[in-house]
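Got the viewer open? Load the model, and let's walk through it stop by stop.

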Amino acid sequence: MVFSQKRNIVIAIGFVCVLISSCGDNRQFSEPLPETVDFNFHIRPILVQNCYLCHGPDASGRKAELRLDTYEGATAALKEGGHAIVPGKPSKSQLIYRINHEAEDLVMPPPDSNYKLTEREKALLEKWIDQGAEWKPHWAFIKPETGIAPNNSNAIDSLIHMRLRQKGLSKTSKADKNTLIRRVSYLLTGLPPSPEDVKRFVADTSSDAYGSMVDRYLNSKGYGERWARHWMDLVRYAETKGHEFDYPIVGAYKYRDYLIRAFNEDVPYDQLLTEHLAGDLLEESRENKETGISESPLGTAFYVMGEGKHSPVDIKKEEADRIDNMIDVTSKTFQGLTVSCAKCHDHKFDPITAADYYAFYGIMESTRFTPIADVSMTTGQTAKQVQDLNRYMRKIVADSWSEKDLQEITASRESQRQNSPLDAPYTIIGDFRNSGFDRWLTNGLAFGERTTLGNPLVDRTSEKLLGLDKGRASSKTLGTGVFGSLQSPNFILDTDYIGIRARGANSTIRIIIDNFQLIQDPIYGELEQQINSKSWNNYVFDISPWKGHKAYIEILPGGYKGHHYNLPKDAFIEAQYAITYTSEWPVEMKQPIAKPVKKENWATLELSANLVNGLNQRLAEGKLPSEFPQLATALDSSYQLIKNIEGGSFFYGITDGFGINSPVFNRGDHNDLLEGDIPRRFLSALPLGDVPFTSKGSGRLELAETMLSEDNPLTARVMVNRIWHHLFGKGIVETVDNFGLQGKLPSHPELLDYLAITFQKEGWSIKKMVRSIVTSETFKRGTARNEELTNKDPNNIYLASFPVRRLEAEAIRDGVLAVSGSLDSTMYGPPVKTYLTEFMQGRGRPSQSGPMDGAGRRSIYQEVRRNFLEPMMVTFDRPIPFSTFGNRNVTNVPAQSLTLMNDPFIAQQAGIMAEKLLAQKELTFDQKIEWIYMRTFSRKPNPEEIRKAQQFISGLRKMESTETDTDNEILIWKDFCHSIFNLKEFIYLI
């Protein structure tokens with residue numbers, strides 16, 4: 001609302017007179033004005049929709065220096081005089097003057113904005129100012145409060161009924177048992193109930209029949225499959241990267257299986273959130289009860305589910321785009337906020353600044369992508385035992401030698417110490433010829449805790465000590481074919497070359513620039529080299545085209561083929577050092593550069609390379625004892641332990657890098673950086689949002705802890721709202737991914753707060769929350785609606801009846817498999833390959849097609865290829881996996897009916913169902929119809945439906961003509977079953 005400096009005194013005086021005369025009027029509106037006007041529920045929505053674009057939080061787009069999103073801004077003196085809002089005095093408030101003006105150059109909102117306030121909205125603003133213009137923080141940023149005890153079993157119904165009474169609405173009657181078991185079964189497991197389950201529940205007249213039925217489905221394996229698929233919509237789950245060649249996301253299915261197990265085991269939501277944000281950083285990882293493999297790191301795989309290009313022209317922009325997607329998904333999924341809207345400027349509507357966005361950006365930029373090995377607790381313990389044996393072996397030697405030897409060698413070799421010259425034409429990125437990894441990060445088990453420096457070298461036959469090993473980083477500490485990676489700190493490319501002295505077999509060295517992973521020709525192929533020589537070689541990378549970019553080096557056994565990581569059994573890699581230089585490989589690097597050892601530890605031979613060389617010289621001269629039979633025994637024990645280490649499999653996940661604080665990108669341009677770095681932290685508008693993270697790494701664990709702070713008003717609210725949405729088809733806050741100012745207001749704010757508080761007090765149990773909702777009277781209502789409900793509450797916001805719901809794509813397909821008897825209930829494992837129709841063409845098309853029926857497996861186990869999405873899933877609104885979609889579209893388009901009529905899969909399953917029906921030769925006609933109805937609709941047919949079925953079958957018999965009666969009957973009943981699949985009752989919960 002731009003307040004012009006022009007003044008029209010006559011119009012102003014006339015307006016004030018009219019206003020004074022109307023302050024006490026009783027204008028009639030379709031919905032009466034509330035007795036007390038609430039800023040959050042009545043006023044802020046008007047301002048957000050009509051005013052904030054020009055007078056909101058974003059300073060870059062603000063006009064007339066007027067802010068209407070804060071009390072201070074709205075009541076401040078205007079440059080041309082007066083105040084936009086004068087609490088208690090609407091007649092003196094310029095806002096009221098301008099919204100009621102008739103002149104086009106003065107009225108607000110201006111006509112060219114295409115916004116116009118209704119008379120009711122104007123009246124609300126007047127009444128609110130008249131009542132004192134009380135300002136409140138956005139409702140979602142206020143901590144939930146409730147006076148209802150968490151154990152109050154009637155709380156949900158009481159709060160729903162309160163709103164019904166306020167709106168003058170009457171609730172509908174309870175649904176019948178057949179409807180209820182179908183509703184519960186589909187909404188909890190995504191599958192129809194079996195006829196046997198239906199009969200058992202209908203016949204059960206006990207008082208706890210319904211609760212027992214609910215518990216049975218809550219504890220079924222299908223529950224985890226159903227609710228994992230809900231979650232997969234939030235994290236844009238896919239098994240390929242999309243774009244030109246649709247490269248694989250290695251082991252993505254392991255994340256899907258992790259979700260299924262987590263929901264079935266009712267892992268507390270606070271644990272689930274922590275594992276997603278920082279599962280790789282937890283001191284105590286949750287263990288898979290069956291395999292012993294660590295579960296927690298699998299949660300972080302959601303970060304890598306984004307799209308990816310293999311040859312972006314601007315590699316820094318590619319990083320910015322990927323991080324933006326990670327921020328978008330993380331903030332929407334866990335906080336219900338659109339933080340990515342602050343990438344180019346402060347958020348136009350929410351109190352989220354560009355600095356908040358780049359605080360998140362630093363967290364994501366400090367996170368690295370890498371293969372992660374499935375490591376069981378047993379394997380981890382075995383690796384620790386091997387390391388303990390290595391320490392024991394070093395101690396045996398140290399105990400036999402004297403510390404006097406150390407002192408003499410130190411004195412004699414001090415003059416031989418080589419230091420890196422200050423003006424050296426090279427920079428050492430890492431020197432592993434000393435005992436430590438020189439600040440490099442190790443992931444996995446392969447590289448152990450230290451370099452090989454000082455490890456005893458033993459002749460197992462003679463049991464003699466041959467010497468102490470020279471220093472190098474080695475992936476063979478536990479043998480070959482063991483996963484691990486060694487990653488350097490970040491550095492800026494300012495020379496022409498990177499050099500690495502290494503040897504190995506079937507291994508890889510990669511230069512990771514701006515976190516870019518899909519390294520290949522034609523642009524980036526030179527950034528990766530295969531290591532296949534067991535002799536020491538100098539590996540040189542020409543990085544001159546990328547000067548000025550951020551990079552790190554990754555050294556790992558195994559390698560990538562088509563961006564799919566593989567680890568051969570004989571793979572290993574060892575490295576002595578890594579350098580950057582411009583002209584020639586420096587000859588000075590032939591000898592280890594002296595690294596000051598914080599404290600020489602004789603007891604464990606934690607010594608410098610210089611001292612180890614001196615000890616080896618004395619040993620060769622016979623001046624030190626060399627007979628150590630205990631070493632051979634310890635070495636044999638170590639070899640036996642190493643044999644028990646399993647290679648395992650991999651998934652593409654993340655690991656922590658080094659903490660990076662990002663500057664703000666001016667207008668979101670990664671090439672235009674503003675001065676000053678933004679500390680990594682949470683959102684400034686929320687509790688603890690102004691406290692910088694202090695960890696040396698990304699700060700993801702601190703982010704999780706901050707989100708789970710008891711003062712955070714969003715985390716519990718967002719999750720319970722998602723649960724409500726999945727059960728009723730609409731959240732209490734309809735915009736489930738947006739609790740910000742442009743999101744919808746909660747239809748039942750008191751209920752949302754009660755659920756959020758109960759959720760936390762009951763240990764963040766998702767199953768308990770689901771059960772409390774599903775056992776409520778509100779959930780059990782029928783779907784029938786009378787004319788009064790249709791007129792007063794056409795969208796069923798207040799839940800006088802249960803909403804009619806169409807099933808999701810997966811539930812429709814899985815329902816077809818279930819009723820036809822084709823469903824394979826096998827859980828977990830690699831996905832079933834996509835069935836490729838002749839119309840699914842293009843680059844990246846798989847060489848092999850999967851089976852048309854998906855091997856009978858549930859839809860959650862079908863492959864999700866970004867470039868070749870399953871047509872039926874897309875037709876029935878499964879979202880394209882590029883961002884968070886907590887609320888699927890529910891369309892009603894011809895393509896859906898055509899799919900059910902013409903899709904070969906549907907016809908195939910109808911035929912299978914017909915064959916199984918006719919195999920039961922004792923069934924009468926009426927019993928056949930009942931057999932079909934009980935499977936598809938969970939109820940018996942009524943007499944009218946049986947009569948119509950007879951007519952339909954008779955008509956088909958006249959049309960069909962085949963060689964045998966058996967074939968004819970199969971075709972007839974196939975067509976009947978096919979027609980049943982096309983009825984709305986089959987794909988809807990009614």
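What follows is a short tour, from the whole chain down to single side chains.

**The whole chain**

Keep in mind from the start that this is a predicted model. Colour it by pLDDT to begin with: the chain averages 91, and 93% of its residues reach 70 or more. Now select residues 1-25, where the pLDDT is below 50. Beyond near neighbours in sequence, this stretch still has 39 contacts in the model. Go easy on those, because coordinates predicted with low pLDDT should not be read in detail.

Switch to cartoon and you have 33 helices and 21 strands to look at. Along the principal axes, the C-alpha atoms fill a box of roughly 105 × 95 × 55 Å. How many of the residues count as buried? Out of 990 in the chain, 56% do. Among contacts with a separation of 6 or more, 74% are between residues 24 or more positions apart.

Turn on the surface next. About 42,300 Å² of the chain is exposed, and carbon and sulfur atoms supply 50% of that. If you colour by charge, you'll be looking at 117 positive and 127 negative charges, whose mean positions lie 2 Å apart.

**Two salt bridges inside helices**

The structure holds 61 salt bridges, so let's visit a few, because a Lys or Arg side-chain nitrogen within 4 Å of an Asp or Glu carboxyl oxygen is easy to pick out with a distance tool.

Select helix α14, residues 315-335, and show the side chains of D328 and K332, which sit 4 residues apart, about one turn of the helix. Their closest N and O atoms are 3.3 Å apart, making a salt bridge. Is this pair buried or exposed? K332 has a relative accessibility of 17% and therefore counts as buried, the cut-off being under 20%. D328 is buried too, at 11%.

Now jump to helix α16, residues 377-400, for K395 and D399, again 4 residues apart, or about one turn. The closest N and O atoms of this salt bridge are 3.0 Å apart. Here the setting is another one: D399 is exposed, with a relative accessible area of 53%, while K395 is partly exposed at 41%.

**A bridge across the sequence**

Next, select R806 and D877, whose side chains meet in a salt bridge with an N to O distance of 3.2 Å. This pair links distant parts of the chain, 71 residues apart: R806 belongs to strand β20 (residues 805-806), and D877 to the loop between α27 (871-875) and α28 (894-902). Both R806 and D877 are buried. While you're on salt bridges, add R229, D233, E810, R878 and R888 to a new selection. Bridges that share partners join these five residues into one network.

**Last stop: a buried threonine**

Finish at T778, in helix α24 (residues 777-780). How buried is T778? Its relative accessible area is 1%, so it falls well inside the under-20% limit for buried residues. Which residues does T778 touch, leaving aside its neighbours within four places in sequence? Show D157, I160, F728, L799 and F802 as sticks: those are the contacts.

Technical notes: Residues numbered from 1 in each chain as written. Predicted model: local features only at pLDDT ≥ 70, side-chain atom pairs only at ≥ 80, totals over all residues. Heavy atoms only, no water. Helix = DSSP H or I, 4+ residues; strand = E, 2+ residues; numbered from the N terminus. Buried < 20%, exposed > 50% of the residue type's maximum accessible area, 1.4 Å probe, protein only. Contact = heavy atoms within 4.5 Å. Areas by Shrake-Rupley, 256 points an atom, 1.4 Å probe, with all protein chains shown as cover. Lys, Arg positive; Asp, Glu negative; His and termini not counted. Charge placed at Lys NZ, Arg CZ, Asp CG, Glu CD. pLDDT = per-residue confidence, 0-100.
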